[in-house]
Amino acid sequence: MEKVYLALAAALAVGLSALATAWAQSKIGSAGAGTLAEKPELSGTVIILVAIPETMVILGFVVAITILTM
Amino acid sequence: MIARMVKIEIVGPSELLLEVLSLLRDLELFQIEQDITGFVAAEDRDKVRPLLLDEKTMAERIYCEDLRARIDELFACLPREEMRQSYLDPGDVLESVNETLQRHSALCREWCRKREELRTELAELGGDSVFLGALEPHVTTIAPDSGLDFIGVTIREPAAVAELMRTLARLTGGRFQLLTVKAEDGTLIGLITLEKDLAAKVRGILGEQHVPEMTFPPELARMPFPEKIRHLRTRTAEVTAGIAAIDEELARFARRWGAIYARVRSWLDERLALLGNTAHLHRTGMCFFIHGWTPAADVPRLTGEIRTKFGGAVLVEEKQILEQDLDLVPVTLRNPPLFRPFELFARLLPLPRYASFDPTPFIAVCFPLFFGMILGDAGYGLVLLILALILGRVFRQRETARDAARILLFSSCYTILFGILYGEFFGEVGAGLLGMKEGFIVERRQAIVPMLCFALSVGLAHILLGLLLGFITALRRKTGREAMFKLVNILAILCLVVLVLSRMEIVPRLLTRPLALILIFLIPFLFFSGGVLAPLELLKSIGNIVSYARIMAIGLASLLLARVANRFAGMTGNVVTGVLLAVIFHAVNIVLGVFSPTIHALRLHYVEFYSKFMVPGGRKFEPLRKG
């Protein structure tokens with residue numbers, strides 16, 4: 001039973017952080033697309049802004065691995 | 001690397017100004033600085049004033065502008081022809097060009113005026129032709145001496161025909177004929193044939209009822225109908241030939257003179273740009289001053305050329321770059337050929353400021369490395385290598401595509417290298433077939449925790465390098481507190497890492513207490529150099545290191561996708577279908593394998609690494625140049 005809880009916890013760690021990342025990226029991405037339509041020279045800045053929330057899911061992934069391997 | 005710049009002051013007698021500017025423009029290595037704050041001492045500033053053009057130069061400028069406007073006017077008359085190259089030097093023959101241009105402009109204007117007249121006439125003849133063309137088959141059957149007259153009318157709508165018939169019947173007592181035809185442009189045209197005696201009366205009534213009668217030019221008005229048609233046709237042919245003849249004359253003129261006038265115009269553009277540049281210069285009562293920047297490597301050439309051309313009459317002086325000038329110094333990147341393709345990534349962001357670091361060499365070394373670490377499959381690397389070679393050959397002439405192909409080439413080499421180290425060739429199955437039973441270093445699918453530690457170690461090294469560069473940049477820009485903050489961050493991160501390792505007993509546990517004491521000792525320095533938000537900045541740096549876990553995570557995802565592709569192919573039980581499925585799945589995986597590592601390796605640089613040392617907002621070096 002303990003294994004089930006561990007697997008569930010790991011899944012939640014990745015799943016919830018992935019959802020949060022997706023939500024943040026959708027907001028930033030749509031704003032970024034609007035920005036690029038007016039100022040294409042800001043593409044580098046927009047890539048950075050879109051990429052920033054990805055850290056959340058990576059952290060979630062690290063937490064999941066820690067849960068499964070501890 | 002950011003090229004070292006030198007602050008330059010050029011001084012010379014006013015009469016040599018335009019020649020000096022012309023030389024600087026030809027050399028293309030000097031950027032004029034409009035702001036003289038850092039060039040002229042505060043106590044001398046009232047002795048120097050902006051340079052205003054003297055009467056002679058002003059007259060030259062007006063002359064050139066007028067000549068350019070008249071050449072533009074001439075070109076407006078000429079057709080666009082393929083022009084030969086002219087090697088004329090207009091500076092010596094400008095007066096002759098001006099006189100010839102007056103004659104040529106008059107000639108071309110006359111041709112254009114005539115052509116315009118003919119075109120207007122052709123348009124009118126076209127309108128008459130529509131009407132007469134529609135009626136011709138009916139009119140030609142009537143004899144010229146029949147005593148009949150013809151009235152042509154335009155009928156607005158088909159329903160008006162019945163009303164017109166009633167009116168005509170009343171006026172002529174039924175002695176008329178009305179023919180209606182639809183012209184080529186869709187207009188309904190009516191030809192009323194009636195006795196000559198009744199024609200005037202009918203015309204009067206139709207005029208009162210607002211039925212428009214077709215009118216012809218005066219020379220056609222008195223001609224009989226069939227002759228009108230013949231005349232129209234002859235005249236249309238004459239006018240068309242006339243227009244073609246004028247077009248031919250203009251084309252011949254453009255072929256003969258166009259190149260010369262285009263060359264003169266381009267010379268005038270350059271001359272006027274040169275005269276326009278004087279607005280940014282300064283002078284005293286006797287001499288001019290040109291202040292600006294040039295790359296240090298080009299200074300000997302600049303001084304040599306000026307000395308050769310002007311002897312000792314024009315002086316070039318190197319001035320010291322002061323601390324307050326640092327943000328004014330223009331930036332130009334000069335990297336070795338091997339690193340140059342990676343400027344493509346640097347161009348996506350604003351230029352770094354002078355006295356900071358150009359990130360290109362670092363991204364050139366680390367980007368392919370990260371790409372290889374993430375994708376890490378010898379088979380995929382081989383496919384990408386072939387693709388990069390093909391793209392490089394196909395897009396030899398297009399700079400951006402060629403640079404992208406070279407970046408892909410470097411990245412694919414690292415992908416092959418890491419593929420061999422991980423023991424992957426189109427996933428694990430391909431590696432097994434090639435006898436690569438296990439990776440030389442590690443098998444990614446099994447060794448998740450070691451790979452995670454490896455990714456974090458890479459992150460730690462990269463972030464520490466970034467902080468070190470930030471420390472050097474801060475020293476160069478003479479911002480001591482920021483330099484201290486970067487240094488304290490480096491020490492704190494190192495202490496934290498060794499502390500974790502000592503807790504895990506990878507390094508001796510004895511180190512725990514001294515390291516904790518050092519960390520406590522660093523805290524006041526952290527607050528002093530970074531303010532109240534300093535601990536947050538430190539936490540951000542730790543978060544940045546953890547972010548490198550994506551090297552392992554994305555790589556693992558790529559490996560598992562390759563495994564899925566091989567499993568699916570194996571499940572079909574048929575060789576052909578299996579191979580086809582494997583090719584499709586692996587192709588999709590390769591596309592993802594290019595896209596995903598590129599985005600993530602870039603992100604690691606842009607967000608994690610650059611933020612530690614990059615000072616954006618550099619001014620682009622834009623030297624005085626032709627065109």
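These are my notebook entries on the contact between chain A and chain B and on the two largest pockets of a predicted model.

**Entry 1: the interface**

I began with the contact between the chains, where I found 15 residues of chain A in contact with 18 residues of chain B. For the area buried between chain A and chain B I noted a value of about 1,400 Å², with 79% of it coming from carbon and sulfur atoms.

I then looked up the polar side of this interface, and the rule returned 1 salt bridge across it, along with 3 residue pairs in polar contact, both residues of each being at pLDDT 80 or more. On chain A, I traced the side that touches chain B to helices α2 (43-51) and α3 (54-69), each of which supplies at least two residues. Of the elements on that side, α3(A) gives the most, with 8 residues. When I sorted the side of chain A that touches chain B by class, I counted 8 nonpolar, 5 polar and 2 charged residues.

**Entry 2: the salt bridge between chains**

I searched the whole structure for salt bridges and obtained 28 over all chains. The pair that crosses between chains runs from B:Arg550, in helix α18 (residues 550-571) of chain B, to A:Glu54, in helix α3 of chain A. For B:Arg550 and A:Glu54 I recorded a separation of 3.0 Å between the closest N and O atoms, which lies inside the cut-off of 4 Å that the salt-bridge rule sets.

**Entry 3: the largest pocket**

I turned next to the pockets, and for the largest I noted a volume of about 830 Å³. Its lining consists of 21 residues, and those nearest the centre are B:Cys453, B:Leu456, B:Val500, B:Leu501 and B:Met504. I checked which elements give two or more residues to this lining, and they are α3 of chain A and, from chain B, α14 (448-476), α15 (480-503) and α17 (534-547). The greatest share of the lining comes from α14(B), with 6 residues. Helix α3(A), which I had already met at the interface, thus appears again in the lining of the largest pocket. By class I found 18 nonpolar and 3 polar residues in this lining, and no charged residues.

**Entry 4: the second largest pocket**

For the second largest pocket I noted about 450 Å³ of space. I listed 18 lining residues, with B:Val331, B:Thr332, B:Leu333, B:Lys620 and B:Phe621 lying nearest the centre of the pocket. Sorting the lining of the second largest pocket by class gave me 9 nonpolar, 1 polar and 8 charged residues, whereas the lining of the largest pocket has no charged residues.

Terms used:
Residues are numbered from 1 along each chain as its sequence is written. Chains are lettered from A and ligands numbered from 1 in the order in which they are written. This is a predicted model: local features need pLDDT of at least 70, side-chain atom pairs count only at pLDDT 80 or more; totals for chains, interfaces and linings use all residues. Side-chain values use heavy atoms; hydrogens and water are left out. Contact means heavy atoms within 4.5 Å. Buried area is the accessible area (1.4 Å probe) that two parts lose on being put together, summed over both. A salt bridge is a side-chain nitrogen of Lys or Arg within 4 Å of a carboxyl oxygen of Asp or Glu. A polar contact is a pair of N or O atoms within 3.5 Å; within protein, one must be able to donate a hydrogen and the other to accept it, and residues adjacent in sequence count only if both atoms are side-chain atoms. Helices (H or I, at least four residues) and strands (E, at least two) are DSSP runs, numbered from the N terminus. Ala, Val, Leu, Ile, Met, Phe, Trp, Tyr, Cys and Pro count as nonpolar, Asp, Glu, Lys and Arg as charged, and the others, Gly among them, as polar. On a 1 Å grid over the protein atoms alone, a cavity is a set of points where a 1.4 Å probe fits but cannot get out, and a pocket is an open set with protein on both sides within 12 Å along at least five of seven lines; lining residues have an atom within 4 Å of a point. Grid points are joined across faces, edges and corners, and a volume is the space filled by probe spheres set on the points.
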